[in-house]
Amino acid sequence: MTDNSDLRAATKLVHLGRKPEKYGGLVNPPVMRGSTILFSSCAAMQAAESHWHDQPYYGRHGNDATFAFEQAIADLEGGYRAVAVESGLAAITAAISAFVKAGDHLLMTDAVYGPTRKFCDSFLRRFDVETTYYDPRINPDKLAALIRPNTRVLFMESPGSLTFEMEDIRGLADAARQAGVVSMMDNTWATPLYCKPLSLGVDVVVHAATKYIVGHSDAMLGVIVSNERHYMTLRQSVAVFGHHAAPDDIYLAQRGLRSMAARLQQQSASAMQIARWLQQQSAVQRVLYPALPDDPGHALWNRDYTGASGLFAFVLQPAYDRAAMQRLVDGVRLFGIGFSWGGYESLILPVSLGAVRSATQWQGGEVVRLSVGLEDPLDLIDDLAIGFAALEAST
Ligand SMILES: *Cc1c(COP(=O)(O)O)cnc(C)c1O
């Protein structure tokens with residue numbers, strides 16, 4: 001592989017993981033489907049054994065296209081290696097499972113993605129791993145008090161993907177390291193382009209590649225990026241569970257990567273324009289977007305991030321109840337109502353915070369989340385204005 005460590009990220013996105021000379025000159029590595037990998041002899045099979053995880057050995061562990069995608073993500077994150085799996089949630093559960101055993105303790109941000117919380121409260125609990133949720137805005141000096149002799153993992157998600165609290169990644173990762181705790185972060189919001197948690201001291205980074213990396217709402221994929229120290233432990237956890245990233249999805253993720261910098265730049269600019277417009281609406285109490293100068297997480301964002309993606313939320317004035325909020329959501333036409341985010345099309349989501357908090361309480365009105373796509377932001381603003389008119393309609 002040529003050394004391209006001096007290239008800027010947008011250039012890397014175009015060149016990483018491509019080998020036209022290997023695939024008859026094709027610009028894109030093809031979809032590589034396969035279970036069996038054939039060996040020329042018993043000796044060749046035996047020689048391949050120690051490289052089961054980074055050279056073709058058995059289809060479940062990946063093939064050349066998988067390894068090329070994994071290496072591209074590892075390079076972008078500044079990590080040692082990466083492991084692709086079938087979904088973002090699989091990346092999270094495999095990463096946590098790699099480091100905990102019965103009797104252990106886990107520290108988890110209270111703003112975490114709901115299914116991650118469910119994994120801790122159901123599966124891990126059954127195997128006698130206890131989870132303590134901490135306030136995402138905790139001062140790192142206070143983290144030590146939550147660390148027990150059996151604490152193994154600290155799991156961050158910054159910003160939280162519903163309420164957008166920023167964590168002090170550097171400070172929390174330091175506190176974890178001093179206590180011998182493995183630190184992890186869900187970096188899906190920022191992508192490897194806008195935040196590099198490994199350079200801030202985090203050990204393991206997970207992504208729902210389903211979101212901005214795939215970028216077109218047509219595949220599910222997860223990826224775990226690790227420093228050298230923890231890589232084999234992770235790889236083995238992925239292998240024992242039988243996780244597998246499907247070849248067609250790897251292809252779509254590779255293709256998504258090529259345009260990710262341009263997409264994010266546009267989505268970020270549009271999101272900021274829409275966020276500022278929302279701040280001027282009298283029905284809006286607050287806009288939750290760390291890129292805004294008056295956001296409580298702005299200083300941390302400014303310190304540790306080089307950009308903001310197009311996902312953010314706003315809070316309605318407490319006078320508006322859930323039915324009113326739903327009139328707004330039902331009233332827009334260009335924003336689709338649905339889960340996931342990071343695609344080229346805009347989405348709107350009525351947020352339910354009731355079941356997803358335990359260490360902190362959500363204070364404020366109804367929350368609506370937007371994933372801003374590649375439409376003209378002025379059309380999106382016009383559309384939201386129609387939604388706000390519907391909100392007022394029968395109050
Ligand atoms: C969507 C999401 C996931 C899960 O990804 P899937 O590919 O849908 O399994 C994990 N973390 C965050 C922050 C997400 O938004």
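Here are three short exercises on this structure, which is a predicted model.

**Exercise 1: an aromatic pair**

Work out how the rings of tryptophan 277 and phenylalanine 388 are arranged, and where the two residues sit.

*Solution.* Start with the overall count: there are nine aromatic pairs, taking ring centres within 6.5 Å as the cut-off. Next, check the distance and the angle. The ring centres of tryptophan 277 and phenylalanine 388 are 5.8 Å apart and the planes meet at 70°, so this pair is edge-to-face, since planes over 60 degrees apart count that way. Now place the partners: tryptophan 277 belongs to helix H10 (residues 247-279) and phenylalanine 388 to helix H13 (residues 377-393), so the pair links distant parts of the chain, 111 residues apart. Finally, look at exposure: tryptophan 277 and phenylalanine 388 are both buried.

**Exercise 2: more rings**

Find which residues form an aromatic cluster, and what lies over the face of tyrosine 133.

*Solution.* For the cluster, pick out Phe119, Phe123 and Phe127, which belong together in one group. Then turn to tyrosine 133: arginine 117 lies over its face, 4.0 Å from the ring centre.

**Exercise 3: around the ligand**

Describe the ligand's surroundings, then its contacts with oxygen atoms.

*Solution.* First, the neighbours: the ligand is surrounded by 13 residues, with Gly88, Leu89, Asp186, Thr210 and Lys211 the closest. Second, go through some contacts to a ligand oxygen atom:

- Leucine 89 has a backbone N or O atom at 2.9 Å.
- Threonine 210 has a side-chain N or O atom at 2.5 Å.
- Tryptophan 341 has a side-chain N or O atom at 3.0 Å.

Last, the cover: on its own the ligand has 380 Å² of accessible area, and the protein covers 93% of that.

How values were computed
Residues are numbered from 1 along each chain as its sequence is written. This is a predicted model: local features need pLDDT of at least 70, side-chain atom pairs count only at pLDDT 80 or more; totals for chains, interfaces and linings use all residues. Side-chain values use heavy atoms; hydrogens and water are left out. Rings of Phe, Tyr and Trp (its six-membered ring) pair if their centres lie within 6.5 Å; planes under 30 degrees apart count as stacked, over 60 as edge-to-face and the rest as tilted. Helices (H or I, at least four residues) and strands (E, at least two) are DSSP runs, numbered from the N terminus. Buried means under 20% relative accessible area, exposed over 50%, partly exposed in between (1.4 Å probe, protein chains only). A charge sits over a ring if NZ of Lys or CZ of Arg is within 6 Å of the ring centre and within 35 degrees of the ring normal. A residue is near a molecule or strand if one of its heavy atoms lies within 4 Å of it. A polar contact is a pair of N or O atoms within 3.5 Å; within protein, one must be able to donate a hydrogen and the other to accept it, and residues adjacent in sequence count only if both atoms are side-chain atoms. Accessible areas come from the Shrake-Rupley method with a 1.4 Å probe; for residues, only the protein chains shown count as cover.
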